[in-house]
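Subject: Structure handover

Hello,

Here is the structure for you to look through. Please open it alongside the notes that follow.

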Amino acid sequence: MVKRLFSAVAAVAVAFSIVVFAPVAASAADPYCGITWGSGLKTAGFNEAGFFRDVRGGQHECFDRLVIDLDAPGGHGYYVKYVDEITADGSGHVVPTRGAGKLQIQALGRAYDDNGQLTYHPANWNELVNVAGWRTFRQVVWAGTFEGDTTLGIGLRARLPFRVFTLPRDNGGTRIVVDVAHLW
């Protein structure tokens with residue numbers, strides 16, 4: 001009788017461990033938050049050029065986000081890649097940027113109008129978005145606007161997977177969205 005009771009308890013314990021722990025083990029093998037973006041170059045065609053209007057950021061459960069606003073409805077070209085150093089448009093000078101990983105973003109859209117007046121006026125060109133305390137972003141910097149393109153840099157705690165896509169703006173124009181995962 002004791003043997004049967006012991007066998008029954010052991011069988012229940014094994015079944016319980018399979019039901020409770022097997023899904024955890026399987027999900028541990030899945031990518032973080034289902035993210036499968038990778039860290040290679042992301043680019044989209046260069047269409048109608050627009051004016052650079054704003055940059056802002058946001059924190060999400062699985063990633064940090066940067067959003068670039070352009071006022072041209074067709075202006076959604078971008079070229080985003082990891083670099084050793086963020087460099088300024090035109091001059092090639094290094095733009096000091098905090099973080100172990102550095103993501104350079106080139107957006108089709110200039111930050112000055114036809115009269116040479118700025119279309120974007122940040123409070124601090126070296127801190128475009130306040131990212132203090134964020135999980136992934138360390139700094140968002142201005143790298144210039146040159147020959148119709150505007151370049152920004154994101155300093156990150158590490159080289160992590162990222163994605164880039166575009167969305168329409170409510171008042172016309174385009175938003176370029178850059179998401180960087182918190183983990184691999």
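Below is what was found, starting with the whole chain and ending with one strand.

Please keep in mind that this is a predicted model.

Overall make-up

The protein has 184 residues, and 42% of them count as buried. Its secondary structure consists of 1 helix and 9 strands. The order along the sequence is α-β-β-β-β-β-β-β-β-β. The helix therefore precedes the strands in that pattern, given that elements are numbered from the N terminus.

Contacts and surface

Take the contacts in the protein with a separation of 6 or more. Residues 24 or more positions apart make up 67% of these. The exposed area of the protein is about 9900 Å². Carbon and sulfur atoms contribute 57% of that area.

Strand β5

Why is strand β5 described as largely enclosed by the rest of the structure? The strand covers residues 101-108, and 7 of its 8 residues are buried, so the rest of the structure largely encloses it. Buried here means under 20% relative accessible area.

Which strands pair with β5? One is β4, residues 78-83. β4 and β5 are antiparallel and share 6 bridges. Within this pairing, K81 sits opposite Q104 of β5.

β7, residues 149-156, is another partner. It also runs antiparallel to β5, and 8 bridges join the two. Here G101 has L156 in β7 as its bridge partner.

If you want a place to begin, display β5 together with β4 and β7.

Best regards

Terms used:
Residues are numbered from 1 along each chain as its sequence is written. This is a predicted model: local features need pLDDT of at least 70, side-chain atom pairs count only at pLDDT 80 or more; totals for chains, interfaces and linings use all residues. Side-chain values use heavy atoms; hydrogens and water are left out. Helices (H or I, at least four residues) and strands (E, at least two) are DSSP runs, numbered from the N terminus. Buried means under 20% relative accessible area, exposed over 50%, partly exposed in between (1.4 Å probe, protein chains only). Contact means heavy atoms within 4.5 Å. Accessible areas come from the Shrake-Rupley method with a 1.4 Å probe; for residues, only the protein chains shown count as cover. Two strands pair if DSSP finds at least two bridges between them.
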